[in-house]
Amino acid sequence: MNVIFEFSGKVALVTGAASGVGRATAKAFAKAGAQVAVADLNRQAGEDVAEQIRTEGGVAEFFHVDVGDEASVAALVASVVERFGGLDFAHNNAGIEGAHVPVDQVSQDDWQRVMDVDLSSVFYCMKSQIPEMAKRGGGAIVNTASASGLIGGYQLASYTAAKHGVVGLTRAAAADCARHGIRVNALCPGPIDTAFIAQMPQAMRERLMFGVPMRRLGTAEEMALPVLWLCSDAASYVTRHALSVDGGVVSSSPVTFMEDLAGA
Ligand SMILES: NC(=O)c1ccc[n+]([C@@H]2O[C@H](COP(=O)([O-])OP(=O)(O)OC[C@H]3O[C@@H](n4cnc5c(N)ncnc54)[C@H](O)[C@@H]3O)[C@@H](O)[C@H]2O)c1
């Protein structure tokens, strides 16, 4: 794909950057000239991503974080600002899925962990990031939600509730931040070919395709470019938006599903 962004002199923080969508976004920011903070719970994989970026001529450093822990997130943002001198862009992207069970079988532990990692994390991140961006006169935040942030997921109650929360939190924050010159948007991916999908039960992965009019999984790179676009001046009047990048999942009608069942 021949899309060029220019972020020289900018600082970008990406959470969940050791794998999948976050790794692709971190690499794309670096390719565009930004200094990149690669943040993740997985130390080894995160160090490897930062090293790959440096090998390819970019500027990147790994930061260990548990996004479900407010103190850890506050320490992360403070360290990034200390290392790079400020913060311009944040992709709050780390996430987990939780158990695939009907809502009445969701355990309290599963519910709480998904809420911590997928929803409270975004609150903790923005709480620390907004004052730093305001000091620079503005910035852009992209929170990874999901198609499950816009429509109801099957046997995914905790995840669906958390991702709907991310969309709502994004809209609330965008309203609060506009006066600081900070734009806040959400990315709502459909099924993307990452470790996240690979660990799903086989039947669930096959069923996912029924709802995709484009009949394929998205790639992590296809998520990264919309994130960079949302951070760029090309999107200077875009805020409070939940952007579906999903091969048509959210807007597809049940007719698609019926055709597939008939083997059409
Ligand atoms: N893959 C998909 O189909 C899909 C669809 C919709 C939304 N999403 C969302 O996209 C985001 C990225 O998912 P992905 O597909 O790249 O998954 P992935 O599993 O490849 O990557 C997730 C990353 O988050 C990190 N992480 C997990 N818990 C963390 C924590 N507590 N603190 C810090 N880092 C943590 C993991 O170590 C991993 O590197 C998630 O928020 C996910 O909900 C993914």
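The exercises below concern a predicted model.

**Exercise 1. The ligand shell**

Task: State which residues come nearest to the ligand, and which helices supply at least two residues of the shell around it.

Solution. Step 1: the ligand has 28 residues around it, and those that come nearest are Gly 16, Gly 20, Gly 95, Thr 194 and Phe 196. Step 2: at least two shell residues come from helix H1 (20-31), and at least two from helix H6 (195-198). Step 3: sorted by kind, the shell holds 14 nonpolar, twelve polar and two charged residues.

**Exercise 2. The largest nonpolar core**

Task: Find which members of the largest nonpolar core touch the most other members, then list what Ala 39 touches.

Solution. Step 1: the core has 75 residues, of which Ala 12, Val 14, Ala 26, Phe 29, Val 36, Val 38 and Ala 39 touch the most other members. Step 2: leaving aside residues up to four places away in sequence, Ala 39 touches Leu 13, Val 14, Thr 15, Ala 17, Phe 63, Val 65 and Leu 76.

**Exercise 3. Two residues with positive phi**

Task: For Gln 155 and Arg 215, decide whether each is buried, partly exposed or exposed.

Solution. Step 1: Gln 155 sits in the loop between strand E5 (139-144) and helix H5 (157-177). Its phi is near 50 degrees, a positive value in a residue other than glycine. Step 2: Gln 155 has 16 C-beta neighbours inside 10 Å, so it counts as partly exposed. Step 3: Arg 215, also not a glycine, has a positive phi of about 60 degrees. Its loop runs between helix H7 (202-210) and helix H8 (220-231). Step 4: a residue is exposed if 12 or fewer other C-beta atoms lie within 10 Å of its own. Arg 215 has 11, so it is exposed.

Conventions. Residues are numbered from 1 along each chain as its sequence is written. This is a predicted model: local features need pLDDT of at least 70, side-chain atom pairs count only at pLDDT 80 or more; totals for chains, interfaces and linings use all residues. A residue is near a molecule or strand if its C-beta atom, placed from the backbone, lies within 6 Å of it. Helices (H or I, at least four residues) and strands (E, at least two) are DSSP runs, numbered from the N terminus. Ala, Val, Leu, Ile, Met, Phe, Trp, Tyr, Cys and Pro count as nonpolar, Asp, Glu, Lys and Arg as charged, and the others, Gly among them, as polar. A nonpolar core is a set of buried Ala, Val, Leu, Ile, Met, Phe, Trp, Tyr and Cys residues joined through C-beta atoms within 7 Å. A residue is buried if 20 or more other C-beta atoms lie within 10 Å of its own, exposed if 12 or fewer, and partly exposed in between; C-beta atoms are placed from the backbone. Two residues are in contact if their C-beta atoms, placed from the backbone, lie within 7 Å.
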